[in-house]
Amino acid sequence: MDHDTVNHDSAAEHPRPPRREFKARGSFVTRCEGCNLPTLNCLCPYQVKAESVAQVWLLTHSIEHYKPTNTGRLIGDVLSETRIFTWYRTAPDAQLAALLKDPRYAPFVVFPDDQPDYADRLVGIEAVHAAKAQTRIPVFIILDGTWRQARRMFRKSAYLDALPVLPLRTERETRYRLRKPASKSHLCTAEVAIELLRQGGDTVAADVLDDYFEVFNDSYAASRLHHKIDSPTAAMRRLLAKQEAAPIEE
Ligand SMILES: [Zn+2]
């Protein structure tokens, strides 16, 4: 069991301010307006939608929001029902607070179980299956930011205080290549969603998102080396085949 798996692009705790890093890179690179990746290896041809019973709602830290290496946005590309809320310490999101009271949803805050003061709120993945059995929509609320930001969001958002806390338990090691992880067990945001969807029974959606994440990862990493991926990878071929079966309407 690893307490750290919840977090998330954690290597972002970089000595340089992210905004400056983004600008420096951006000034050398032409980005696609559709996917925000360098045009050399654009992600757009691989966008495939998938259906899931569970939903992912991201509470994205305001700084994280603008980083092109953020993987949270990939979830929304694949799962149409995804909601993204930007977190500001001083202004709780009224829409999110209202949605959390909607009885159609069974929301879970995804967070590690490493502190004693919320032990009474901890649940396992079986609570997600139980919600489905009651025809409620399980919602994974993922705190999208660095480790420190996620902890702050968890502690400073009163509207999360009553929700069950779901720690992610997985053996998966991160495959995210765009930021250096402090540990292999630190999954990025998309990977957290993939594992939760899979464990919650949305395996098809998890597989599509996993392929899409992999293509994002490979494409972005290759572009940084100014390398164009000429022959599609296995994940690319699977997504292209899915798209031919069900093309996305423009
Ligand atoms: Zn694109």
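User: Which residue in S4 stands opposite Val56?

Analyst: That's Phe140. Before we go on, this is a predicted model, so local features need a pLDDT of at least 70 and side-chain atom pairs count only at pLDDT 80 or more, while totals for chains, interfaces and linings use all residues. Residue numbers start from 1 along each chain, as its sequence is written.

User: What makes S1 and S4 paired strands?

Analyst: Strands here are DSSP runs of type E with at least two residues, helices are H or I runs with at least four, and both are numbered from the N terminus. Two strands pair if DSSP finds at least two bridges between them. S1 (residues 55-61) and S4 are joined by six bridges, so they pass that test. They run parallel. Another of the matches is Thr60, with Asp144 as its bridge partner in S4.

User: How do you know that S3 pairs with S4?

Analyst: Again, count the bridges: six join S3 (residues 105-110) to S4, in parallel. Tyr105 has Ile137 as its bridge partner in S4, Ala106 has Pro138, and Val110 stands opposite Ile142.

User: What about S3 and S5, over how many bridges do they pair?

Analyst: Two, in the parallel sense. The cut-off is at least two, so the pair counts. Val109 stands opposite Val165 in S5. On the other flank, five bridges join S1 to S2, also in parallel, and His61 stands opposite Trp87 there.

User: In what order do the five strands form the open sheet?

Analyst: The order is S2-S1-S4-S3-S5, with parallel pairing. S2 (83-87) and S5 (165-166) stand at the edges with a single partner strand each, so one side of each has no neighbour in the sheet. As general background, strands of a sheet pair through backbone hydrogen bonds, either parallel or antiparallel.

User: Why is the unit of S1, H2 and S2 called right-handed?

Analyst: Point the strands away from you: the crossover is right-handed if the path from the first strand over the helix to the second runs clockwise. S1, helix H2 (residues 72-78) and S2 make a β-α-β unit of that hand. S3, helix H4 (residues 126-133) and S4 make a right-handed one too.

User: Why is S4 described as largely enclosed?

Analyst: A residue is buried if 20 or more other C-beta atoms lie within 10 Å of its own, exposed if 12 or fewer, and partly exposed in between, with C-beta atoms placed from the backbone. Seven of the eight residues of S4 (residues 137-144) are buried, so the rest of the structure largely encloses the strand. S1 is mostly covered as well, with six of its seven residues buried. Over the whole chain of 250 residues, 40% count as buried.

User: What makes Leu187 buried?

Analyst: Leu187 has 29 other C-beta atoms within 10 Å, and the cut-off is 20 or more, so Leu187 is buried. Leu187 sits in the loop between S5 and H6. Pro167 has its place in that loop too, and Pro167 is buried, with 21 other C-beta atoms within 10 Å. Pro167 and Leu196 are 29 residues apart along the chain, yet their C-alpha atoms are separated by 9.7 Å.

User: Why is the set with Val110 and Phe140 called a nonpolar core?

Analyst: A nonpolar core is a set of buried Ala, Val, Leu, Ile, Met, Phe, Trp, Tyr and Cys residues joined through C-beta atoms within 7 Å. The largest such core has 53 residues, and Val110, Phe140, Ala193, Leu209 and Tyr212 touch the most other members. Helix H7 (residues 203-224) gives the largest share, nine residues. In general, nonpolar side chains of soluble globular proteins tend to be buried together.

User: How do you know that H7 has the span a helix should have?

Analyst: The expected span is 1.5 Å times one less than the number of residues. For the 22 residues of H7 that comes to 32 Å, and the end C-alpha atoms are 31 Å apart, which agrees. After H7 comes His226, with a positive phi near 60°.
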